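Reader: Could you take me through one part of this model closely, after setting it in the context of the whole chain? I would prefer a connected account to a list.

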Amino acid sequence: MFICSLDILSSAFQLVGGKAAGDIFQDNVVLSNPLAGLVIGVLVTLLVQSSSTSSSIVVSMVSSGLLTVQLAVPIIMGTNIGTSVTNTLVAMTQAGDRSVFRRAFAGATVHDFFNWLSVLVLLPLEVATGYLYEVTKLIIDSFQIQSGEAPDLLNVITDVLTEAIIKLDKSVLSEIATGDPAARNKSLIKKWCETYTNMSTVNVTVPGPENCTSPSMCWFDGNYTFTLKNISQTYNIKKCDHFFVDVNLSDLAVGLILLALSLLVLCSCLLLIVKLLNSMLKGQVAMIIKKILNTDFPFPFGWVTGYIAILVGAGMTFIVQSSSVFTSAITPLVGIGVISIQRAYPLSLGSNIGTTTTAILAAMASPGDTLANALQIALVHFLFNISGIILWYPIPFTRFPIRLAKGLGNITASYRWFAAVYIIFCFFLLPLLVFSLSLAGWQVLVGVTCPLVALLIIIIVINVLQKRKPGCLPAALRSWDFLPLWAHSLEPWDKMVGMITAKCCCCCKCCNTVEDTGRVNKEGQIEAYDNPAMCAEKEVENEIKIELNGLKMTKF
């Protein structure tokens, strides 16, 4: 049910924002900017909640000649970032317990930090050298690759349920992205599952000889010019049998219905999974499982453990055919402490490899005319993740994503509202800001981003020196106390958020106390006040003393 709800969630996002995603891909002038291509990849993947769908749109555009593989590389990097938001949202469901939330959010965001850090290094390298494009082109040119079939693994089980609820015609998104005007009026909801296309050669009237199919197939009759053309006509044979096939609702309405239902099922499944795991993994059983999962091999083979975890992550993701599903499934395990973040990190890296392996197999199932482009884009995705692992895993010192995720986990445990700020800023506001600046031109983009990036680097360097070598800094810069408190501490912001939530919840708190909700009658039963305004006049924080049948109770 958990995996099916994620699949339906992806379909819902495609119905709600899929056509907008297709429109975003149409602006080739913006896509020529690598940074804009990156954020477009992030935004489109957020809209459709599927890196495979956004990648397939890119493949369609490359195959139709609207986009070159070089311009597609930054977009593929962006899809890698966009797909990591799902497990971060899953971690939000565990915000009730601070210690569990700290571990869960750190375990989820370690995937985010790996993707962002990899992009920070590999995107400039790609712009300067074309590293990913050149290596993958060499691989494609070196092998005689034949078209094949991608295997169905877990989909064989889940598609029975998901396709009974909704089935989408994903070719509509590709047609919109490639500029087909007729696709704008098409519905994403698939109506006919079996069709027959008949190709016939017919005589047609054309304006002049230059419009003829060939000079030998051109005839004249007075003022009319005729030629032979192949005309295709599609006949609908069998209707689909999913729930929404005959529902007279727009794509947006169906998408919003599925979005609400899938989120409800997803959250319910997560809560039940966590509750089940908490009840099962107690005492001696939990100790044994933690020891098995988190213990390294004996010396000198301890270093092998992490690489085996990468292989396990890749294998599990290959089976479920979705990195979002796998990383979302291990997030609750990190939260309750069964898997450590040190072990979750290589599992997440493996999931990145697993999802690209699935993409390569899917690309090999492409038709002959699109096979080379589809396979090269899938290999770009694969090589990007392999390069990221080489950068951020083999040497323990370079495992910055773990340290950054732990730091963010500590912050969000103390200020839980900061988790929502992180998701909104990193996955929505920042990409939208960069995309907006890209629309204004690369001069505006460089003029705004360069000073901001320089300022951010200076702040990071000063922070590092404050902790490690404060003596190297002037006295004024050895702490941030010279700034207003709100500029270097989250405490004032936390108080402001607390005040806002307190005002919103004041009535709820008021109604939860006996004195504020009513009076106690002679029978010891609580009666509501006749005047609701009396509830607001009471002070919730005061000590409330109630005497019921001679028994004194105190409630704070």
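How much area does the protein expose, and what share of it do carbon and sulfur atoms supply? After that, please look closely at Thr 86 and the residues that it touches.

Author: In this model, which is predicted, the protein exposes about 29900 Å², and carbon and sulfur atoms supply 66% of that area. The chain has 556 residues, of which 41% count as buried, and its secondary structure comes to 23 helices and seven strands. Among contacts between residues at least 6 apart in sequence, 72% join residues at least 24 apart.

Against that background, Thr 86 lies in helix α6, which covers residues 85-92. Its relative accessible area is 7%, and because buried means under 20%, Thr 86 belongs to the buried class. If residues up to four places away in sequence are set aside, the contacts of Thr 86 are with Leu 6, Gln 49, Ser 324 and Ser 328.

Thr 162 can be described in a parallel way, and its place is in helix α9, made up of residues 155-165. Thr 162 has a relative accessibility of 4%, so it too counts as buried by the cut-off of 20%. With residues up to four places away in sequence again left out, Thr 162 touches Cys 4, Asp 7 and Ile 8. Taken together, the two descriptions place Leu 6 among the contacts of Thr 86, while Cys 4 and Asp 7 are among those of Thr 162.

How values were computed. Residues numbered from 1 in each chain as written. Predicted model: local features only at pLDDT ≥ 70, side-chain atom pairs only at ≥ 80, totals over all residues. Heavy atoms only, no water. Helix = DSSP H or I, 4+ residues; strand = E, 2+ residues; numbered from the N terminus. Buried < 20%, exposed > 50% of the residue type's maximum accessible area, 1.4 Å probe, protein only. Contact = heavy atoms within 4.5 Å. Areas by Shrake-Rupley, 256 points an atom, 1.4 Å probe, with all protein chains shown as cover.
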